[in-house]
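Grab a pencil and keep the 3D view open. Here are a few exercises, each followed by a worked solution.

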Amino acid sequence: MTTTVLTVDDSRAMRDMLRHSLVAAGFRVLQAEDGVHGLEVLGAETPDVIVTDINMPRMDGFGFIEAVRKDETNRAVPVLVLTTEVDAEKKSRARKAGATGWIVKPFDPVKLVEAIRRVAA
């Protein structure tokens with residue numbers, strides 16, 4: 001069975017890089033441009049793993065993670081934060097919101113794939 005990954009990032013270039021890396025690793029990839037769009041996608045699909053940015057318009061990653069955790073259907077889906085942020089306070093806030101892990105951009109595709117496989121297992 002193919003693992004489905006939802007990526008949520010407002011940067012088209014980042015979404016393209018993520019899609020390329022994840023499709024090459026054999027994942028099915030869904031994409032959203034921000035937290036609001038991510039929740040719309042989750043209304044129709046249940047991914048195995050979510051990879052989200054923090055800094056986005058309309059709804060940031062913190063709000064998105066909190067909304068995912070309140071939703072019965074997706075409450076248990078692992079959420080990896082992929083961001084340029086390195087601030088310990090933001091990491092702690094993401095963990096409190098319900099994030100499973102934290103990866104700093106620029107990302108290493110091999111490490112990202114390993115992290116997704118680890119949390120999806």
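**Exercise 1. Find the bridge partner of Val-5 in S2, then work out how the sheet is put together.**

Solution. Start with the pair itself: Val-5 has Val-29 of S2 as its bridge partner. Before going on, note that this is a predicted model, where local features need pLDDT of at least 70 and side-chain atom pairs count only at pLDDT 80 or more, while totals for chains, interfaces and linings use all residues. Residues are numbered from 1 along each chain as its sequence is written, and side-chain values use heavy atoms, with hydrogens and water left out.

Next, the labels: helices (H or I, at least four residues) and strands (E, at least two) are DSSP runs, numbered from the N terminus. Two strands pair if DSSP finds at least two bridges between them. S1 and S2 pair in the parallel sense, over 5 bridges, and S3 and S4 are also paired in the parallel sense, over 3 bridges. In that second pair, Ile-50 sits opposite Val-79 of S4.

Now put the strands in a row. The open sheet has 5 strands in the order S2-S1-S3-S4-S5, with parallel pairing. S2 and S5 (101-104) are at the edges with a single partner strand each, so one side of each has no neighbour in the sheet.

**Exercise 2. Which faces of S4 are covered?**

Solution. You'll need the burial cut-offs: buried means under 20% relative accessible area, exposed over 50%, and partly exposed in between (1.4 Å probe, protein chains only). Count along the strand, and 5 of the 5 residues of S4 turn out buried. Then sort them by side: Val-79, Val-81 and Thr-83 are on one, Leu-80 and Leu-82 on the other, so both faces are covered. As a rule, side chains in a regular strand alternate between the two faces of the sheet.

Zoom in on Val-81, counting a contact as heavy atoms within 4.5 Å. Skipping residues up to four places away in sequence, Val-81 touches several others, including Ile-65, Ala-94 and Trp-102.

**Exercise 3. Where do the buried residues of H2 sit, and what covers them?**

Solution. List them for H2 (residues 35-44): Gly-35, Gly-38, Val-41 and Leu-42 are buried. They cover an arc of only 110 degrees around the axis (taken from the directions from the helix axis to the C-beta atoms), which means they share the same side of H2. Turn to the face away from that buried side, and you meet the exposed Glu-40, Gly-43 and Ala-44.

The cover over the buried residues includes strands S1 (4-8), S2 (28-32) and S3 (49-52), plus helix H3 (61-70). Finish at the N-terminal end of H2, which Asp-34 caps: one of its side-chain oxygens is 3.1 Å from the backbone nitrogen of Val-36.

**Exercise 4. Is Glu-85 buried or exposed, and what is it in contact with?**

Solution. First locate Glu-85: look in the loop between S4 (79-83) and helix H4 (88-97). Its relative accessible area is 17%, so Glu-85 is buried. Then look beyond its neighbours within four places in sequence: Glu-85 is in contact with Asn-55, Lys-90, Trp-102 and Val-104.

Terms used. A polar contact is a pair of N or O atoms within 3.5 Å; within protein, one must be able to donate a hydrogen and the other to accept it, and residues adjacent in sequence count only if both atoms are side-chain atoms.
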